[in-house]
Amino acid sequence: MPLHRSALVLAVLTLAACARTPSPAVSPARGLAPAPPMGWNSWNRFGCHIDEQLIRETADAMVRSGMRDAGYRYVNIDDCWMAHERDAKGELQADPVRFPHGIAALARYVHARGLKLGIYSSAGTYTCQRYPASLDHEAVDARTFARWGVDYLKYDNCYNEKRPARERYEAMARSLRATGRPIVFSICEWGSNQPWLWAPEVGGNLWRTTGDISDTWQSVMKILDQQAALAPYSRPNAWNDPDMLEVGNGGMSDVEYRAHFSLWALLNAPLIAGNDLRTMADSTRAILENREVIAVDQDWGGSQGTLLRRDGDAEVWEKPLADGSRAVVLLDRGPAPVRIAVAPADLGLPAAPAYRARDLWAHRDATVSDTLAAEVPSHGVAMFIVRPAR
Ligand code: GAL
């Protein structure tokens with residue numbers, strides 16, 4: 001009895017402490033994607049070279065590397081998982097050579113590790129790599145995915161017969177809901193039909209805003225430039241998706257990958273790693289598992305960051321956080337290092353004699369009075385959370 005009572009007192013104290021200091025990483029919103037989904041997807045690194053062993057090994061690596069504990073949950077299979085023909089019942093089936101145990105077995109394997117499984121199809125007659133897809137097969141395919149234990153569907157836009165996007169995506173969203181299984185719905189129509197205007201209404205949890213990312217600095221900057229105006233459309237359960245991460249795929253430097261990751265977090269992007277988790281370098285892991293940057297992405301206020309100021313190659317990006325503080329990314333797009341400065345007052349923070357600036361990459365606090373400044377490397381960022389000092 002006394003043991004029970006002290007346990008209860010402890011629980012009440014813990015609850016009280018939680019109520020006073022809400023964690024920025026935990027969203028109070030309900031729904032399938034209260035914070036931007038985090039996980040991994042096979043496409044950026046592996047393309048069509050996928051099989052069930054890769055997916056199992058990736059799930060294991062997600063646990064072993066600490067990615068799961070840092071918040072990554074979804075193990076997503078992209079294009080090329082299916083056989084070229086539907087089965088005799090008209091259902092999609094996995095490629096019998098590359099996925100001999102089928103998707104349901106893979107889902108069980110992934111679930112047993114505390115992770116979730118994602119899959120891919122297209123709102124067209126074929127996937128982009130010309131496998132069978134789900135246009136006019138929405139109900140049967142949604143039922144198949146639910147029966148297999150799938151938790152996330154990325155739904156592409158190839159071979160769409162030029163039929164209106166909204167109705168094609170709505171048909172699948174309705175069919176997913178009808179299964180009764182919670183399945184995150186990731187709309188991938190490349191931003192072609194302004195999905196930010198209709199995707200939340202039809203039940204999309206996230207929607208791609210652009211064409212495909214590639215593993216180059218130019219691609220990351222090009223996509224970034226297309227995001228600033230879209231900030232008002234992002235909110236819990238309905239996220240702009242500037243495409244999956246290229247961090248660790250080898251085409252950029254770690255400085256550039258830190259910039260890519262910081263900016264995606266500032267944009268509330270889904271953090272879907274696209275590298276080989278089984279063999280990633282420690283420096284890649286340190287980027288993907290930077291919890292302070294992840295917390296900015298997952299901040300429960302759900303406000304997307306946006307461009308505050310541009311001065312040649314120097315940019316200041318800013319995101320309001322739920323507790324009133326501001327996340328700031330100072331970005332140098334140019335070929336040489338540059339000092340970038342911003343006044344806390346310009347970030348919309350209340351006037352104060354001093355501010356505390358937390359450097360999210362150096363993991364250090366500093367006190368600033370009138371100007372926050374950093375020497376930023378070429379193609380790099382400095383990232384801070386700024387708040388009035390107590
Ligand atoms: C593209 C899509 C990519 C990838 C690819 C697969 O349309 O944007 O992310 O899924 O198809 O074929």
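Reader: Why is Gly 102 called buried?

Author: In this predicted model, Gly 102 has a relative accessibility of 19%. Buried means under 20%, so Gly 102 counts as buried. The residue belongs to helix H5, which spans residues 102–111.

Reader: Thanks! How far from Gly 102 is Trp 148 in sequence and in space?

Author: The two are 46 residues apart in sequence, and their C-alpha atoms are 8.8 Å apart in space.

Reader: Let's turn to Ser 122. Is that residue buried or exposed, and how do you know?

Author: Its relative accessible area is 0%. The limit for buried is under 20%, so Ser 122 is buried. You will find Ser 122 in strand S3, residues 116–122.

Reader: Which residues does Ser 122 touch?

Author: Leaving aside residues up to four places away in sequence, Ser 122 touches Thr 127, Ala 133, Ser 134, Leu 135, Tyr 155, Asp 156, Asn 157 and Cys 158.

Reader: What makes the approach of the Ser 122 side chain to the backbone oxygen of Asp 156 a polar contact?

Author: The side chain of Ser 122 reaches that backbone oxygen at 3.3 Å. A polar contact needs N or O atoms within 3.5 Å, one able to donate a hydrogen and the other to accept it, and the pair is listed on that basis.

Reader: Asp 156 brings me to the ligand. How many residues surround the ligand, and which are the closest?

Author: There are 13 around the ligand, the closest being Asp 78, Asp 79, Lys 154, Asp 156 and Asp 212. By class, this shell has six nonpolar, one polar and six charged residues.

Reader: How do you know that Gln 129, Lys 154 and Asp 156 make polar contacts with the ligand?

Author: Here the distances do the talking. A polar side-chain atom of Gln 129 is 3.0 Å from a ligand oxygen. For Lys 154, an N or O atom of the side chain lies 2.8 Å from an oxygen of the ligand. For Asp 156, the distance between a side-chain N or O atom and a ligand oxygen is 2.8 Å. The cut-off is 3.5 Å, so each of these pairs qualifies.

Reader: How much of the ligand does the protein bury?

Author: Taken alone, the ligand exposes 310 Å², and the protein buries 96% of that.

Reader: Now the charged pairs. What makes Glu 201 and Arg 166 a salt bridge?

Author: Their side chains meet at 3.2 Å, N to O. The limit is 4 Å, so the pair is a salt bridge. Glu 201 sits in helix H8 (residues 199–202) and Arg 166 in helix H7 (residues 165–179), so the pair ties together parts 35 residues apart in sequence.

Reader: Why is Glu 201 called exposed, and Arg 166 partly exposed?

Author: Exposed means over 50%, and Glu 201 has a relative accessible area of 61%, so it is exposed. Partly exposed lies between the limits of 20% and 50%; Arg 166, at 34%, is therefore partly exposed.

Reader: What about Arg 208 and Asp 243?

Author: These two form a salt bridge, with their closest N and O atoms 3.3 Å apart. Arg 208 is in strand S6, and Asp 243 is in the loop between strand S7 and helix H10. Both residues are buried.

Reader: And how many salt bridges does the structure hold?

Author: The structure holds 26 salt bridges.

How values were computed
Residues numbered from 1 in each chain as written. Predicted model: local features only at pLDDT ≥ 70, side-chain atom pairs only at ≥ 80, totals over all residues. Heavy atoms only, no water. Helix = DSSP H or I, 4+ residues; strand = E, 2+ residues; numbered from the N terminus. Buried < 20%, exposed > 50% of the residue type's maximum accessible area, 1.4 Å probe, protein only. Contact = heavy atoms within 4.5 Å. Near = heavy atom within 4 Å. Areas by Shrake-Rupley, 256 points an atom, 1.4 Å probe, with all protein chains shown as cover. Nonpolar A, V, L, I, M, F, W, Y, C, P; charged D, E, K, R; others polar.
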